[in-house]
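Q: Please take a close look at the nonpolar core of this protein, and set it in the context of the whole chain. Which residues make up the largest nonpolar core?

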Amino acid sequence: MQLTDEQTLDLTVRFWSRVEPFNMRRADACARWIGHRLPAGYGTLKDNQGDTHYAHRVSWSLINGEIPEGKVIR
């Protein structure tokens, strides 16, 4: 089996490859982050340029688009 070079994966694929599968039919379902975490517990991942992003901010951006200037995502 040939693995995909990680440098060719976009941020969406990188993000979802680090989320544990969950049951979307459950209203209380939670997507558990299984990727890298900082000591404070924040999930992180890198893009193709090597820049680090917080997982919760990437998650919000994938659904809602760019985070408005001055807004905080928790």
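A: **The core and its setting**

Read along the sequence, the protein follows the pattern α-β-β-α, and its secondary structure comes to two helices and two strands, where helices (H or I, at least four residues) and strands (E, at least two) are DSSP runs numbered from the N terminus. This is a predicted model, in which local features need pLDDT of at least 70 and side-chain atom pairs count only at pLDDT 80 or more, while totals for chains, interfaces and linings use all residues. Residues are numbered from 1 along each chain as its sequence is written, and side-chain values use heavy atoms, with hydrogens and water left out.

The largest nonpolar core has six residues, namely Phe-15, Val-19, Trp-33, Leu-45, Ala-55 and Val-58; such a core is a set of buried Ala, Val, Leu, Ile, Met, Phe, Trp, Tyr and Cys residues joined through side-chain atoms within 4.5 Å. Buried here means under 20% relative accessible area, exposed over 50%, and partly exposed in between (1.4 Å probe, protein chains only), and buried residues make up 16% of the 74 residues in the protein.

Within this core, Leu-45 is in contact (heavy atoms within 4.5 Å) with residues including Phe-15, Trp-33, Ala-55 and Val-58, and also with Leu-11, Arg-14 and Asp-51, leaving aside its neighbours within four places in sequence. Val-58, another of the core residues, has its C-alpha atom separated by 8.3 Å from that of Thr-12, although the two are 46 residues apart along the chain. Thr-12 lies in helix H1 (residues 11–16) and counts as partly exposed because its relative accessibility is 33%.
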